[in-house]
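Thanks for making room for this one today. I would like to walk you through a single model, and I ask you to keep it in view while I talk.

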Amino acid sequence: MKTTGNIILITGGATGIGLALAEVFLREGNQVIICGRRREKLLLAQAKFPKLQFLVCDVSNDENRKELFEWTTSNYPGLNILVNNAGIQRQIDFTKGTRDLLNSEDEIQTNFSAPVQLAALFIPHLLKQDQAAILNVSSGLGFIPLTIMPIYCATKAALHSFSWSLRHQLRSTNVKVFEVIPPTVDTELDRGARAQRRQEYRGVPPSEVAEATLAGLDADEFEITVGQSRGLRTNTPQEAEQIFQRMNGNW
Ligand SMILES: NC(=O)c1ccc[n+]([C@@H]2O[C@H](COP(=O)([O-])OP(=O)(O)OC[C@H]3O[C@@H](n4cnc5c(N)ncnc54)[C@H](OP(=O)(O)O)[C@@H]3O)[C@@H](O)[C@H]2O)c1
């Protein structure tokens with residue numbers, strides 16, 4: 001996939017991995033549009049990178065998704081890359097019954113339903129472009145779960161499976177489907193939960209994921225693993241069990 005001269009929409013592009021992706025894509029001569037729920041974060045991102053365009057949008061909301069599609073494709077008819085990056089991560093303890101589940105934002109809507117619905121909305125438009133791509137940002141935790149965040153991990157496993165099917169369905173078209181599989185990354189995703197549980201390792205910088213994504217796009221590497229996520233993606237069942245115990249043993 002070409003990595004310059006594209007028009008790219010990044011959901012959740014105002015912070016973390018999304019913003020790092022926006023930075024490398026702008027550097028490489030692409031036009032970048034971002035969206036997110038917090039206007040102040042979008043404005044801060046635009047102040048840092050004035051060429052960035054943005055729309056306030058909650059991708060978990062059906063009407064908002066349709067507005068995002070209409071606004072981006074009418075203002076940027078050449079839009080040819082959709083990056084499904086927006087995500088949330090919550091700790092949910094099922095021994096408390098529905099307490100955590102009902103008191104938290106719906107990870108299934110944001111992390112899985114939104115990429116599915118956005119793919120369906122944008123694919124007819126992407127099919128009209130010379131070259132196009134969908135990049136779904138999943139996670140190493142989609143391959144081996146961290147059990148304190150069971151829904152998060154399940155949404156990422158689902159996104160992996162969906163990306164695989166979509167890639168196959170679109171294999172004879174101009175739309176390539178990529179999956180970016182980050183390891184632990186130092187962002188605001190966990191809302192301070194890593195600090196609360198005294199997890200010292202905060203992860204790789206978002207820029208590392210962004211550079212690996214750019215290289216993966218350029219090389220048509222459809223599953224882009226980064227650092228430790230390579231080991232989570234490719235292991236034997238015995239290795240997977242050992243890693244699972246190491247990751248979850250203390251909780
Ligand atoms: N950090 C990690 O360790 C890690 C590892 C593997 C995968 N990932 C994945 O990487 C992606 C980016 O996360 P990040 O680590 O960069 O965390 P982040 O800095 O918290 O970024 C998430 C972004 O998504 C946006 N967002 C959340 N819900 C949204 C919604 N309903 N509609 C629109 N935008 C929404 C947030 O902005 P608003 O709150 O303003 O909407 C935020 O800008 C996520 O899919 C995450 O699962 C992260």
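I will begin with the sheet, go on to two single residues, and end at the ligand.

Before that, please bear in mind that this is a predicted model, in which local features need pLDDT of at least 70 and side-chain atom pairs count only at pLDDT 80 or more, while totals for chains, interfaces and linings use all residues. Residues are numbered from 1 along each chain as its sequence is written.

The sheet is an open one of seven strands in the order β3-β2-β1-β4-β5-β6-β7, with parallel pairing. Here strands are DSSP runs of E with at least two residues, helices are runs of H or I with at least four, and both are numbered from the N terminus; two strands pair if DSSP finds at least two bridges between them. At the edges are β3, residues 53-56, and β7, residues 223-225, each of which pairs on one side only. From one strand to the next the twist averages 15 degrees, where axes are lines fitted to C-alpha atoms, for helices over the stretch in contact, and angles run from 0 to 180 degrees between N-to-C directions.

Starting from the β3 edge, β2 and β3 are parallel and share four bridges, with isoleucine 33 having glutamine 53 in β3 as its bridge partner. Between these strands the chain passes through helix α2, residues 39-48, in a right-handed β-α-β crossover, which is to say that, with the strands pointing away from the viewer, the path from the first strand over the helix to the second runs clockwise.

Further in, strand β1, residues 7-11, runs parallel to β4 and is joined to it by three bridges, and isoleucine 8 stands opposite isoleucine 81 in β4. Strand β4, residues 81-84, is covered on both faces, since Ile81 and Val83 on one side and Leu82 and Asn84 on the other are all buried. By buried I mean that 20 or more other C-beta atoms, placed from the backbone, lie within 10 Å of the residue's own; 12 or fewer is exposed, and in between is partly exposed. Four bridges then join β4 to β5, again in parallel, and valine 83 has leucine 135 in β5 as its bridge partner.

At the other edge, β6, residues 175-181, pairs with β7 in the parallel sense over three bridges, and α8 packs on the sheet there, touching β6 and β7, with its direction at about 150 degrees to that of β6.

Now, is asparagine 136, in strand β5, buried or exposed? It counts as buried, because 25 C-beta neighbours lie inside 10 Å. Leaving aside neighbours within four places in sequence, asparagine 136 is in contact (C-beta atoms, placed from the backbone, within 7 Å) with Asn84, Pro115, Leu159, Ser163 and Glu179.

Glycine 203, by contrast, sits in the loop between α7 and α8, and it is partly exposed because 19 other C-beta atoms lie within 10 Å. With the sequence neighbours again set aside, its contacts are Pro183, Thr184, Val185 and Asp186.

Finally, the ligand: of the 31 residues around it, Gly12, Gly16, Arg37, Arg38 and Gly87 come nearest, a residue being near if its C-beta atom, placed from the backbone, lies within 6 Å. The elements that give two or more residues to this shell are α1, residues 16-27, and β2, residues 31-36, and the largest share, three residues, comes from α1.

Terms used
Two residues are in contact if their C-beta atoms, placed from the backbone, lie within 7 Å.
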